[in-house]
Structure formats: C-alpha cells, structure tokens
Amino acid sequence: MSIVTPTDAQIERAIRILRSGGLVAFPTETVYGLGADASNAAAVARIFEAKGRPASHPLIVHLSGAHALPDWARDVPEIALRLAERFWPGPLTMILARAPGVLQAVTGGQDSIGLRVPSHPVAMALLQGFGGGIAAPSANRFGRVSATTAQHVRDELGERVDLILDGGACPVGIESTIVDLTSGNPVLLRPGRITAQEIEAALQMSMGRANAASPRASGTLAAHYAPRVPLRLVSGGTLDAAVREAAARQPVAVLARHPRPTYSNATVWMVAPLDALEYARLLYAGLRQLDASGCGLILVEALPDTPDWAAVRDRLARAAAGSASGAAPVDRGP
Ligand code: TXA
Ligand code: MG
C-alpha cells in the first residue's frame with residue numbers, strides 16, 4: 001500500500017488496480033471511499049473483508065454522471081432525475097430499485113441500490129477514467145469514525161488497501177445525505193450536508209418518515225461512527241460541572257463550543273467551530289485526536305436543535321451510543 005499524489009499517472013495506476021480487482025482509497029467531497037469495481041464480485045468481497053463489515057450491509061455505487069443511472073437502477077422515478085439535476089455531482093446518495101444484473105453483494109441482498117455522483121475532482125477523474133461503477137463505503141473499519149484524510153485511511157486500513165490517492169482533507173467532512181426514493185415520497189435515511197429542507201424545496205414534496213419497510217442503512221445504526229474512548233454528550237450549561245466531576249476520576253478530553261475556563265481540570269480542551277459546516281468538516285479529525293489523547297472519557301458539548309446542525313447532531317448521537325455500549329453496533333431501528 002502506498003499513499004500517492006493523484007497525478008494523471010497515479011490515477012491511471014489506480015484504474016489498473018481497480019480493473020484487476022484491487023482496492024483503491026480515494027477522496028470524495030464528503031469522506032474518503034474504499035473503492036472496488038462494483039461489477040467484480042471478488043473485488044467487492046475484498047471491501048467487506050477489509051472493513052470487517054457484515055455482508056448484509058449494502059454499498060454505495062459511485063458513478064461519473066446521471067447518464068449511467070439505467071445501468072444500475074430500474075424504474076427510475078422522475079423525482080430522482082430532478083434531484084440528480086439539482087444536486088449531482090455532490091453529497092447526495094439516492095436509493096433506487098436496482099437494475100437486473102447488479103451484484104447481490106453490492107446491495108446486501110436487497111432489491112434496492114445506493115447511487116451517488118461525487119463532486120471531488122479526484123473521484124471524478126477516477127470514475128471517468130474507469131468508466132464503470134465504483135462501489136465505495138467510507139474507508140474506515142466497520143462502526144468506526146470515517147476517514148477524512150489519506151493518513152486516516154492508512155491508520156484505519158493499512159495493508160488492506162492497495163493504493164491511497166491523497167487529495168488532502170475532505171471539504172464536507174461527513175458522509176453524504178441518503179434519500180430513499182423507492183416508495184413514492186422521498187424518505188431521509190441519513191442526514192448530511194444537503195438538508196431534508198433543501199430536498200423538499202427541490203421536489204416541492206414533503207419528506208416521508210423511515211419505517212420498518214424502509215431499506216436498511218448501516219449508517220443509521222443507533223451505534224456507529226464511534227471513537228474507541230467512551231463519548232458523552234453534555235448540554236452547554238452543565239459542561240463545566242460534568243468535566244470537573246469526571247476529571248476527578250480519569251483524564252477527560254472535551255470538545256466544547258466555548259474556550260476553556262481557567263479553572264477547568266480537563267486534560268484536553270478542544271474548541272469546535274461555531275459554524276455548522278465548519279464543525280462538520282473538522283469533526284472526524286477532532287474525534288480522532290481526542291480518541292488518541294490518552295483520555296478515559298470524551299465529553300462533547302451538545303449542539304443547537306436547529307436544521308443546520310441536524311447532520312452533526314446525528315453523527316455525535318451515534319458516536320455516543322456506539323461508545324456507551326463498548327460493544328459492536330446494535331441496530332435499534334429507525
Ligand atoms: O459520503 C458517502 O456516502 C461516503 C463516500 C465514500 O461516498 N460513503 C459512505 O458509504 O458513507 P458507507 O458504506 O460508509 O455508508 C453507506 C450507507 C450505509 O449506511 C448503507 O447501509 C447505506 O448507505 N446504503 C447503501 N445502499 C443501500 C441500499 N440499497 N438501501 C439502503 N441503504 C443503503
Ligand atoms: Mg461508513
């Protein structure tokens with residue numbers, strides 16, 4: 001495995017690796033993806049092995065443009081074309097009925113498929129050169145924090161990946177919005193940079209709610225995106241008291257929205273950006289840093305209950321659920 005600058009020659013090399021069934025990690029605007037040829041069953045199997053991901057969890061197939069939709073999806077509804085027109089290339093994944101011939105391993109045995117056209121220039125160059133679909137989950141071990149730099153990918157996957165294209169830090173920082181379009185009204189399965197309100201506005205339709213019949217999404221497990229150290233969310237007003245109390249027993253790392261009070265006994269005090277997009281961009285790198293700080297507990301100041309914070313609130317709530325149990329992620333339903 002090597003980390004390389006994505007020159008034309010290295011992108012050619014990445015394409016050769018994909019064509020021969022290998023794994024290439026590449027930057028997208030959201031997070032790094034762990035890519036394989038979506039039409040090669042052995043290559044797709046290697047993704048699951050590298051991530052330690054259960055076979056029932058479907059992968060997103062990345063495409064170079066909406067023109068490729070008919071190769072992967074059938075009965076594509078008109079609302080999908082409208083969302084593609086409005087948000088692709090970009091951080092939106094659509095769940096559609098899968099086309100005949102799509103590998104079962106890609107869809108986790110479901111009749112639907114997740115599709116996305118990423119806007120990152122390196123991802124786009126790779127997709128255009130490769131020609132086909134690239135199956136790519138986030139480039140992290142299952143249940144862990146997604147990778148937003150090439151170094152994170154190396155830390156997570158090491159020799160399990162054949163090549164890492166280094167496109168710098170991902171500008172969005174959290175995974176794409178996932179919208180299910182298989183049942184008439186759109187259903188939000190995972191919040192992201194593109195908000196539910198933006199999708200509703202683009203379609204002039206209100207969003208349905210996920211229910212038992214909605215497709216499964218592992219990013220919607222109650223426990224996911226978790227650091228190794230336990231993480232707890234604490235409201236701003238009680239943060240200082242919670243830190244004082246916990247730090248009496250163990251070293252505590254804090255992700256706060258205000259500067260460290262001079263009297264605080266926290267070991268690490270990280271001040272997060274006040275802007276929601278900036279917070280999202282830095283979130284996973286911040287969590288990794290706190291996770292590696294040698295602390296026994298991470299306390300995170302809770303975020304405003306407004307739509308612009310929905311995606312980061314979602315990731316932090318799952319990180320808290322994931323680390324509280326200290327066990328494998330548990331599906332607690334939608
Ligand atoms: O931003 C992103 O979406 C990144 C970059 C690399 O594109 N990818 C990503 O992939 O986050 P992954 O595998 O970590 O998360 C994809 C989510 C999973 O929760 C999976 O269950 C869901 O998408 N998903 C994929 N196909 C699906 C389907 N057919 N039905 C329901 N959920 C699906
Ligand atoms: Mg993931």
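Select L316 to begin, and you will find this residue of the predicted model within helix α11, which runs over residues 310-325. With a relative accessibility of 1%, L316 counts as buried, because buried means under 20% relative accessible area. If you then show its surroundings, leaving aside neighbours within four places in sequence, the residues in contact with L316 are L231, L233, Y279, L283, V300 and L303. Of these, L283 is worth selecting next, since its C-alpha atom is separated from that of L316 by 9.2 Å, while the two residues are 33 apart along the chain.

Move now to M94, which, not counting residues up to four places away in sequence, touches A80, L83, A84, W88, I113, G114, L115, V179 and L181. Both M94 and L83 belong to the largest nonpolar core, a set of 50 residues in which L83, L92, M94, L115 and I199 touch the most other members. To see where this core comes from, colour the elements that give two or more residues to it, including β3, α4 (78-87), β5 (92-97), β6 (112-116) and α8 (196-203). Apart from this core lies another, of 28 residues, and L283, already visited, is among its members together with A253, V300 and A319.

For the last stop, select T28, in the loop between β2 (24-26) and β3 (33-37). Is T28 buried or exposed? T28 is buried, with a relative accessible area of 2%. Its side chain is joined to that of T30 by a polar contact of 2.8 Å, and a polar atom of the T28 side chain also lies 2.7 Å from the backbone oxygen of V31. Beyond four places in sequence, T28 touches R116, P118, H120, A123, C170 and P171.

Definitions and conventions:
Residues are numbered from 1 along each chain as its sequence is written. Chains are lettered from A and ligands numbered from 1 in the order in which they are written. This is a predicted model: local features need pLDDT of at least 70, side-chain atom pairs count only at pLDDT 80 or more; totals for chains, interfaces and linings use all residues. Side-chain values use heavy atoms; hydrogens and water are left out. Helices (H or I, at least four residues) and strands (E, at least two) are DSSP runs, numbered from the N terminus. Buried means under 20% relative accessible area, exposed over 50%, partly exposed in between (1.4 Å probe, protein chains only). Contact means heavy atoms within 4.5 Å. A polar contact is a pair of N or O atoms within 3.5 Å; within protein, one must be able to donate a hydrogen and the other to accept it, and residues adjacent in sequence count only if both atoms are side-chain atoms. A nonpolar core is a set of buried Ala, Val, Leu, Ile, Met, Phe, Trp, Tyr and Cys residues joined through side-chain atoms within 4.5 Å.
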